[in-house]
Amino acid sequence: MFGFSKSKWCTKKTAFFLTVMIIFLVLTPLASATKIQWLAHPVHFAVTGDGELLKQFQEKTGIEVVPVLYGVDVIMEKAMMEMLSGSSTFDVISLSNTTWRNDLGSDVFLELDSRISEIEDYDDYVPGLIEAFRAADGKLVALPIRSGAAMLHYREDLYNEYGLAVPVTIDEFVSNAQALTKDTTGDGVVDVYGYAFMGKEGSQLIDDFESWLYPHGGAFFDGDKVVVNNEAGVEAAALLTDLLNVYKVVPAGTLSYTSSEVKTAMQEGLAAMTTLWWQYNIDWNKPELSKIAGNARMAKLPQKPDKGLGYGHMGCWAVFIDKNCKEVDAAWEFIKFISSAEAQKYMVARGNGPTRLSSFQSEEFINAVGPEAAQIIADVYAVGKMPSPSPIFPEARETVARELHQAFTGAKTPKQAMDDAASAIQKLIQ
Amino acid sequence: MASRKFNKSIPYLLILPALAIIFPLLIYPVFYNVYLSFFSWKVLPPAFNFVKLQNYFDVFNNPVFWNSVKITLQFTGIVVGIQFVLGLGLAYLLNGQKFAKQTTRSIVLIPYISAPAIISLIWRLLWDPDLGQINQILRFFGIRGPGWIADPATSLFSVTVTEIWRGIPFVILVLLAGLQALPDEPYDAAKVDGASSVQIFFLITVPLLKTIIWIVLLFQTIFTLRAFDIIWVLTGGGPGGSTQTLSIMIYRTMFRFWDGGTSSTLSVIILILTLLISFVFFRYLYKEMEV
């Protein structure tokens, strides 16, 4: 009927081939490793040695981890879709403390309290980092894998050239930024700006705002009360506005700058100071990546005397297990592993921010950042706190970013902008 | 009798497979979106409250919304207008081209076939006031360039130029196809009558191309009204909301403030706006076709 003769179709070879195929198809799923999908940021993958650590984990446990990499904002969008649809595309999800809301607790993520006794060295987690991922319902829902703290990065060569001292107060910082802003070629165009920050409207702008909010003694919330418009909040907003419009010590493109433009501005020598995470300092000192290699130093953020809290923006990424995850045990094994002291040692050697107390003393960490920077980072972590988890923290940050732009563009005064931000956040709370 | 009935139903049967795809993927989401716009919906944790038309009242009382409408209409009007004028001119030039036709047309297509995110990143570098090539060229001529995407005074201009550059190949391609399909006779007659090139262009080419022109304008208007990717990557709607079109506002409302109800309401409004504009275009288009 189909044009094949019985003798041709049913040869011994064909029968053998079909048998092999059937055996292969039946046995392959049985023999293959348990597979889990990890929704993560590219930097999480990079610090695993571009997947080397995941291979080691697979060899040890037979569990294959497939990383799915996106930027910060897209991760939250994907996570939200996952939670809304109730699907289980991603078994493990990385979220930062600035995108996770603490009302997303054990109803959407697996609670970990019942399993935590399996981690023998639980006390080795930096306490502030792990507790930041306790949801509003009191349940622990994530384990920290990467931390960060904003530092003052400065060009040591320019500081030496102009005889400047590392600023301790905010006034000294402003004065240094003005001194460093120069037209070095004499063509009437500024070639080096004193400072660069992430001015594009969005979450990253708030990273830099927080780097000045806490040194002024400010906060977003005091309990249930919104206090971002108190004296410290207004001073922090006014500082960024003045650096931009009055002192003019930041590059002209600042209001479109994200972390990548600030990074470029530093490595191209366009900016002399910035307040990004300490991790960036490592790349700025690599000759193959940067024009300022060997000259990028870091210091604690300048503070307002008697007011500053001693630290700036602090953040942490943690790994959550989706409640709909089909491979819960495998996912648990993985987050236990990736947040373990052993894995963290491997990762800090590649520029990861420590989440384990033991990492700070490790040879890998000290070698990665240098002994002086390692000490500065450890000192900042010792006093630093992450912002208190809140169900509206991400929205509050977006609101402040929107209002800061109103101040930057002159549509509002910093005081008006912060007052409007506070009343909008209050509405969100209600 | 039965066979006649069957024959009559054949067209409906034939469109069934298409409907089976279009309904769940296009029509149902539109109606569901309209339904959602009557709810106060905080996305996570999911909380629905029926609020009747409250979302619409809130949106219409929000000055940010009206500013976004103004920016969207400005942006769309300028982009479509300039794309059309430049596109028609370039299509006319390409139509008369004698050599290297394929190469030129392939080059012209580059902006349209490139990924919008890549284009946006390239333009973001170009517009950078300090490190970007545009200001470097201006500096070479002794001109101090503005802040482009970082300055509220020039940000809309910058995203408009980028969008024009990205979308113009489509206009050129469609108009070029239209030009190539025009009959030779009216041109021969006009030449015999001694008409100038300008007269030929405005009195013969443009009237003959009218239907194609309406189609191009309709498509470009719809595409530009919902433009998102380039603006998002270049400015994120800033600085200070100076480039926040309705599409950007919808995205921010949903994915930054997790306000599904307001976001759905804004989506319904942009849908109605698009339908109204399309309706006007179609009226003219059908009139033109009848003529």
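Biologist: Let's start with helix α14 of chain A, residues 341-348: is it largely enclosed by the rest of the structure or not, and why?

Modeller: Bear in mind that this is a predicted model. A residue counts as buried when its relative accessible area is under 20%. In helix α14 of chain A, six of the eight residues are buried, so the helix is largely enclosed by the rest of the structure.

Biologist: Which residues of α14(A) are buried?

Modeller: They are Ala341(A), Ala343(A), Gln344(A), Tyr346(A), Met347(A) and Val348(A). For reading such a list, remember that an α-helix has 3.6 residues a turn, so residues three or four places apart point the same way.

Biologist: What do the buried residues of α14(A) pack against?

Modeller: Their partners in chain A are one strand, β4 (142-149), and the helices α4 (52-61), α13 (328-338), α15 (357-361) and α16 (363-369).

Biologist: Now the two chains. How many residues are in contact between chain B and chain A?

Modeller: Chain B brings 32 residues and chain A brings 34. Together the chains bury about 2800 Å², with 60% of that on carbon and sulfur atoms. On the chain B side, the residues that lose the most area to chain A are Leu44(B), Arg256(B) and Trp258(B), which together make up 23% of what that side buries.

Biologist: How many salt bridges and polar contacts cross the interface of chain B and chain A?

Modeller: The rule finds seven salt bridges. There are also eleven residue pairs in polar contact. Arg256(B), which we just met among the residues losing the most area, forms a salt bridge with Asp73(A), at 3.0 Å from N to O.

Biologist: Which elements give two or more residues to the side of chain B that touches chain A?

Modeller: Those elements are β1 (39-42), α10 (229-234) and α11 (246-255) of chain B. The largest share, four residues, comes from α11(B). By residue type, this side of chain B divides into 19 nonpolar, eight charged and five polar.

Biologist: Stepping back, what does the secondary structure of chain B come to?

Modeller: Chain B has twelve helices and two strands. Along the sequence, a helix comes before the two strands, and the rest of the pattern is helices. The C-alpha atoms fill a box of roughly 85 × 75 × 30 Å along the principal axes. Of the 291 residues in chain B, 41% are buried.

Biologist: Where does UniProt place features on chain B?

Modeller: An unreviewed UniProt entry places "domain: ABC transmembrane type-1" at residues 69-281 of chain B. In the model, residues 69-281 of chain B are 76% helix and 0% strand, and their end C-alpha atoms are 20 Å apart. The record also annotates "transmembrane region" at several spans of chain B, including 12-31 and 263-286. Residues 12-31 of chain B are 100% helix, with end C-alpha atoms 23 Å apart. Residues 263-286 of chain B are likewise 100% helix, and their ends lie 34 Å apart.

Biologist: One last residue: is Ile110(B) buried, exposed or partly exposed?

Modeller: Between 20% and 50% a residue is called partly exposed. Ile110(B) has 43% relative accessibility, so partly exposed is how Ile110(B) counts. Ile110(B) sits in helix α4 (residues 101-113) of chain B. Its C-alpha atom is 35 Å from that of Trp66(B), 44 residues away along the chain.

Methods. Residues numbered from 1 in each chain as written. Chains lettered and ligands numbered in written order. Predicted model: local features only at pLDDT ≥ 70, side-chain atom pairs only at ≥ 80, totals over all residues. Heavy atoms only, no water. Buried < 20%, exposed > 50% of the residue type's maximum accessible area, 1.4 Å probe, protein only. Contact = heavy atoms within 4.5 Å. Buried area = accessible area lost by both parts, 1.4 Å probe. Salt bridge = Lys/Arg side-chain N within 4 Å of Asp/Glu carboxyl O. Polar contact = N/O pair within 3.5 Å; in protein donor to acceptor, adjacent residues only side chain to side chain. Nonpolar A, V, L, I, M, F, W, Y, C, P; charged D, E, K, R; others polar. UniProt positions renumbered as here; feature names shortened; annotations may be inferred.
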